[in-house]
Amino acid sequence: MRINNIRQFAIAILIASVVFNCNNDDDNMGSQPMGPDFSGTYAQQDQMGRPAVNTVFVSSGMKDAFNTTIPSQQGAAFQTMFQNNLEALSPAYANPGDANALGLDSATFTGLLATDVLNVSLDGTTTFFDGTNVLTGRALADDVITVELLLIFGGEDFSENPGLSNDNVDANDKAFLSSFPYLASPW
């Protein structure tokens, strides 16, 4: 009989602690903060304004340094590395004065890329590339990697190095939603 009482008491304590800890009473918040707490020390850990830029142009031993450099200082710190890596990768920039379809030579193009931010047009089309507008923002359906490959390998009219100028992925694997969050559910 005593064992049953102890067992019942233990079960009652367990149920009470589960009920108490699973309480969904959000009205009694006490003195807890009502917004995010920004009182700590924060450190920048990653950059990804333009996909694949860090992967392609930052040399292996410098990736952490690039990720933690604030964008306003990236151009001065990394443009030369970007230019050297671009010229080593792409025959489209083999000769001085060679330019991409934007008319940018290797120094100018890598100066743009070395500051890893996503530009946004406030008064025009927002797109990575739509045939006319280039790097004015980014829409979900923009084929960002193909655009970057074209600008790196395609030369002045996108015709150079066709095997290197397209990732051959022309659309998302699932349709985007028409309302927030816009992205399709994961597989």
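A salt bridge is a side-chain nitrogen of Lys or Arg within 4 Å of a carboxyl oxygen of Asp or Glu. The model is predicted: local features need pLDDT of at least 70, side-chain atom pairs count only at pLDDT 80 or more, and totals for chains, interfaces and linings use all residues. Numbering runs from 1 along each chain as its sequence is written, and side-chain values use heavy atoms, without hydrogens or water.

**Exercise 1.** Find what surrounds the charge of Asp98.

*Solution.*
Step 1. Place the residue. Asp98 sits in the loop between helix H4 (71-89) and helix H5 (106-114). Helices are DSSP runs of H or I, at least four residues, numbered from the N terminus.
Step 2. Look for a partner. Asp98 is buried and has no salt bridge. Buried means under 20% relative accessible area, with a 1.4 Å probe and protein chains only. Arg50, the nearest side chain of opposite charge, is 22 Å away. Here Lys and Arg count as positive, Asp and Glu as negative; His and the chain ends are not counted.
Step 3. Check the backbone. The Asp98 side chain reaches the backbone nitrogen of Ala94 at 3.3 Å. A polar atom of that side chain also lies 2.9 Å from the backbone nitrogen of Asn95.

**Exercise 2.** Is Ser90 buried or exposed, and what does its side chain reach?

*Solution.*
Step 1. Ser90 lies in the loop between H4 and H5. Ser90 is buried, at a relative accessible area of 1%.
Step 2. A polar atom of its side chain lies 3.1 Å from the backbone nitrogen of Ala92.
Step 3. Beyond neighbours within four places in sequence, Ser90 contacts (heavy atoms within 4.5 Å) Ile152 and Phe153.

Technical notes:
Helix = DSSP H or I, 4+ residues; strand = E, 2+ residues; numbered from the N terminus. Buried < 20%, exposed > 50% of the residue type's maximum accessible area, 1.4 Å probe, protein only. Polar contact = N/O pair within 3.5 Å; in protein donor to acceptor, adjacent residues only side chain to side chain.
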